[in-house]
Amino acid sequence: MVNTLSKKSQVEIVATPVIIDFKDFTFQFPEDESPVFRNISFSIQAGERVALYGPSGCGKSTLLYLMNRLYPDNCDGDLEGSITLWQRDAACFAPGEINHRVATVFQDPDTQFCMPTVEQEMAFTLENLHVTRPEMEHRITETLEMTGLTQFRKTTIQTLSGGMKQRVATACAILMQPEVLLLDEPLAHLDPLTAKHYVEWLDTLKWSYPLTIVAVEHQLDLWGTFFDRAIHVRASGDLPIELNPTKPCITFPKRVSAIQPEVALEAKNVHVHVKGKQLLKDVSFQLQRGEIAVLAGPNGSGKSSLLKTICGILKKSDGTIKSGTMLPGYVPQSPEQLFVTQRVKDEIRFSNNTKEEEITDIMTRLRLNEIEQAHPFSVSHGQKRRVAIGTMLSDKRPVLLLDEPTSGQDEAALKELFHLINARAKEGFAILIVTHDMTFAAAIADTIFLMNHGQLTGRFDNDVMWLQEKLLEKHQLVAPIGVCLHD
Amino acid sequence: MTSRTWLHDMNPSLKFIIVLVSMLTLAWFFNPWTPLLFFLGVILLQLLFSRVNWKVWSLFMIPIAFTAIGYLWTTLLFAADTSGHVIWTWGKFEVTNTQWNTALSLSFRVFAFSSMSLLFALTTDPVKFVMSLMQQLRLSPKLAYGVMVGYQFLPVVKDEFILIRHAHRLRGVGEEKHVWQRLLGMRRLLIPLLAGAVRRAERSAFAMEARGFTGERRSAYYEPISINARDWLLATIIMVLLIGSGVAGFLLH
Amino acid sequence: MLKSWKLKEVVLMSVFAVVFAVVYLLFVQVGNIWAGVIGPIAYEWIFGIWFIVSIICAYIIRKPGAALLSETMAAMIEVMIGNAVGPRLILTGLVQGLGAEAAFAATGYKRYDWWVLCLAGVGSAVFSFAYGFLVSGYAALDPSLLVLMFTLRVISGAVIAGLGGKYLSDGLLATGALRGYSISRDTGKNHKIKGEVIG
């Protein structure tokens with residue numbers, strides 16, 4: 001019987017057996033002083049689609065790793081209470097045994113493969129399960145057909161986009177014919193449009209048997225009506241459950257534009273060629289002090305190249321860029337790439353031309369005092385970004401360029417980012433942000449630049465842009481929810 | 001000509017062993033003829049049985065030539081055995097025929113070794129090599145697939161290296177002049193790279209285990225690699241060349 | 001030997017091997033050109049670079065075999081990248097790794113102080129020199145030159161591989177990235193590593 005699962009009646013779900021059961025469960029990492037979870041309980045039934053929902057750092061991935069038995073062995077964690085899988089104590093399963101019934105798709109598209117091509121990766125999976133050679137051939141062909149990936153059979157995985165890599169990872173999981181499919185934030189590294197396509201793709205797959213899907217997720221809004229239940233992950237007690245969850249997208253506070261009349265950055269007819277390849281073609285634009293602009297466009301359209309050119313990392317072949325006495329500052333997607341010292345305070349102090357009072361002032365404004373002695377690599381992602389911005393401020397750079405700061409961030413982190421950027425604009429900095437997240441862009445930006453094939457294809461005031469449906473589609477962007485396209 | 005694919009199709013493990021045996025054997029010869037003849041023989045083999053891109057081959061050989069020259073004059077200056085008759089003098093400095101022969105031998109050895117290495121490198125698919133080590137030489141799957149994950153990481157290392165260099169340029173580091181400063185400066189580059197590598201290692205290992213990989217031996221391979229009659233023929237040809245150049249060197253010396 | 005190894009430890013060695021394989025190959029290029037000018041002695045003072053991965057991995061993972069396996073894996077990756085030194089690098093890696101491994105084995109895999117790491121660097125240097133004596137024809141060279149080469153290599157092994165390896169590993173430990181590996185647990189008692197659980 002073909003079973004699409006999502007629209008099953010409540011009565012049927014209740015009648016199915018519990019296959020994953022956490023009871024009074026406590027878990028602690030050996031390096032930590034207190035447990036991640038204390039006496040939590042929840043259960044999952046066969047055939048359900050469940051989301052484990054909670055902010056970053058709440059330990060929801062840890063729960064997933066306990067279900068597929070990566071933990072506790074891999075981290076030597078201490079546990080109390082019980083985990084029962086298919087009415088058996090989880091500890092009774094031999095290494096690898098559970099992985100024949102529970103398959104997992106992880107969040108990072110780039111670290112899930114050990115073989116070069118799609119076919120070889122699938123063969124690796126089946127060899128692990130001791131499947132015979134003819135059966136391998138059969139199962140690979142069948143799964144590729146089911147997932148619509150047949151044309152990629154011989155493709156080198158590294159040449160695929162992030163979204164396609166996640167589909168391949170999912171196909172490898174399906175190939176194992178598991179009873180449970182675990183998804184560990186599979187959308188975290190995808191841009192919103194790609195993420196939406198992935199969810200649609202996953203939803204339309206036709207299963208020949210009832211499959212349980214458990215996903216860890218912080219952004220339920222992208223999933224639509226995919227899940228039957230959402231379990232709110234908390235540090236202790238019975239975890240609360242929500243039926244048929246849908247999550248409205250994040251609402252940001254209203255902000256008042258802080259634009260000042262003086263020009264902070266002006267680029268005129270900028271061209272960039274690297275090794276015979278044209279990265280940027282005749283780019284001209286200007287930013288005023290206090291202006292927040294978003295730069296959007298498809299992957300590979302030259303957004304990062306533009307940022308790197310403005311701040312002088314990439315050499316321009318032609319054109320002029322003016323930004324007063326200092327070059328603009330740049331914060332990469334991984335802010336730690338900027339770090340060159342071993343203490344947060346040294347990091348801010350690294351540029352020699354800043355006085356001690358100014359450093360103290362920057363530390364206070366960016367709330368860095370509490371971590372001033374910490375190693376810049378060991379603080380949280382949000383703190384790393386604040387340190388990175390701090391280094392740019394202490395260099396007295398008048399413009400801040402942020403590359404993909406929204407990628408993989410949960411609601412709390414996005415709101416913090418909003419306030420962080422807003423506060424800098426009020427201080428008079430011009431800010432240019434590359435992002436795919438149009439909800440965030442709509443909330444923060446004064447101006448939106450579109451980019452395609454190395455050229456700026458438009459400059460819009462924030463409110464006007466979202467009405468241009470065709471234009472958004474051409475630049476592979478999703479209009480923010482809440483903006484009416486047909487007024 | 002179909003024989004031009006033979007070396008490319010040869011079983012990688014067998015090729016690997018043959019290369020090692022040749023090198024370890026050549027190490028015992030100190031006459032100039034043996035390594036020279038072997039070097040020329042290997043080039044002939046590649047002409048007959050492979051489609052080597054000779055431009056690439058030359059690019060690899062140029063730095064090797066430097067090493068060979070270095071060996072030549074170091075051995076001339078610092079030879080242990082200075083017997084034999086003097087064939088050349090320059091001021092106080094004398095070169096005997098024994099010295100000259102040993103020096104030539106060591107330089108030609110560098111060429112012989114490199115030609116054999118290039119024969120391997122330019123005709124062997126790295127992935128097939130590791131898979132063959134696992135299938136023929138019983139390399140543990142844990143190590144074999146561990147190496148495969150690392151190999152997938154290689155292009156990422158290069159990209160990250162560039163990204164970090166770019167970011168550091170913005171902070172005004174990375175342009176140190178002194179060798180010592182540069183060596184110490186490598187720490188700044190390496191630590192972010194290694195920190196990224198640690199994260200990646202854990203994620204990759206988890207992904208493999210979640211797919212049921214336990215490191216135990218496999219019962220069936222999707223792409224089995226075997227050793228066939230032609231592989232043995234090629235191995236024999238190289239062995240004959242090796243013994244031939246050994247004997248010839250002994251006779252000519 | 002591999003039974004007691006976690007897969008993530010094996011993969012850690014492998015990805016470190018990749019990072020250092022790239023570094024090694026860069027240095028081979030540098031070394032080759034210098035070797036033309038000043039002969040084989042050009043390699044000697046930077047020789048320690050080639051031992052560093054075994055010392056870093058042994059220091060972090062602290063299991064028998066870490067030094068040997070990581071150095072061999074680095075050599076395998078170098079061969080996979082493709083270079084003119086070729087398959088015999090695997091043999092070289094094996095020998096160098098054994099040298100470092102010997103030092104850790106001699107201390108019963110219990111001590112990872114700076115002097116043990118230096119000893120491991122010296123171990124690699126001694127083993128690799130013996131191997132070079134056979135394969136690269138050092139036997140044909142004047143003993144006084146050999147003594148100089150040997151001394152340089154031993155110093156380089158102790159300083160670059162031993163101290164350099166410790167310097168790099170400690171720097172990495174301070175970033176908090178090594179949570180969950182033996183080095184954090186053994187030293188974690190003294191100074192608690194600051195860090196957060198992501199996920």
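What percentage of the 253 residues in chain B is buried? Select chain B and colour it by burial: buried residues make up 45% of the chain. Keep in mind throughout that this is a predicted model.

**Stop 1: chain B as a whole**

Leave chain B selected and switch to a cartoon view. Chain B has 9 helices and 2 strands. Followed along the sequence, these elements come in the pattern α-α-α-α-β-β-α-α-α-α-α. The radius of gyration of chain B is 24 Å, well over the 18 Å that the globule rule gives for 253 residues, so chain B is more spread out than a compact globule. Along the principal axes, its C-alpha atoms fill a box of roughly 70 × 55 × 35 Å. Now turn to the contacts inside the chain. Of those between residues at least 6 apart in sequence, 77% join residues at least 24 apart.

**Stop 2: where chain C meets chain B**

Add chain C to the view. Here 50 residues of chain C are in contact with 60 residues of chain B. On the chain C side, select α1 (7-38), α4 (66-81), α5 (88-106), α6 (114-135) and α7 (143-174); each supplies at least two residues of the side that touches chain B. The helix that gives the most is α1(C), with 17 residues. Colour this side of chain C by residue type: 36 of its residues are nonpolar, 11 polar and 3 charged.

**Stop 3: the open sheet of chain A**

Hide chains B and C and show chain A. Find the open sheet of 6 strands, whose order is β6-β7-β8-β3-β9-β11 and whose pairing is mixed. Strands of a sheet pair through backbone hydrogen bonds, either parallel or antiparallel. Select β6 (102-105) and β11 (241-243) of chain A to see the edge strands, each of which pairs on one side only. From one strand to the next, the twist averages 20°.

Helix α5 (residues 162-175) of chain A packs on this sheet and touches β6 and β7 (180-184) of chain A. The direction of α5(A) makes about 175° with that of β6(A).

Next, select β9 (residues 229-232) of chain A together with β11(A): they pair in the antiparallel sense over 3 bridges. One residue to label is R229(A), whose bridge partner in β11(A) is L243(A).

**Stop 4: a hairpin in chain A**

Last, select residues 263-288 of chain A. Strand β12 (residues 263-274) and strand β13 (residues 277-288) run antiparallel and are joined by 8 bridges. Label A267(A) and its bridge partner in β13(A), F285(A). What lies between the strands of this hairpin? There are 2 residues, and K275(A) takes a positive phi near 50°.

Definitions and conventions. Residues numbered from 1 in each chain as written. Chains lettered and ligands numbered in written order. Predicted model: local features only at pLDDT ≥ 70, side-chain atom pairs only at ≥ 80, totals over all residues. Pairing = 2+ DSSP bridges. Helix = DSSP H or I, 4+ residues; strand = E, 2+ residues; numbered from the N terminus. Contact = placed C-beta atoms within 7 Å. Nonpolar A, V, L, I, M, F, W, Y, C, P; charged D, E, K, R; others polar. Axes fitted to C-alpha atoms, helices over the stretch in contact; angles between N-to-C directions. Rg over C-alpha atoms; globule rule 2.2 N^0.38 Å. Buried ≥ 20, exposed ≤ 12 C-beta atoms within 10 Å, placed from the backbone.
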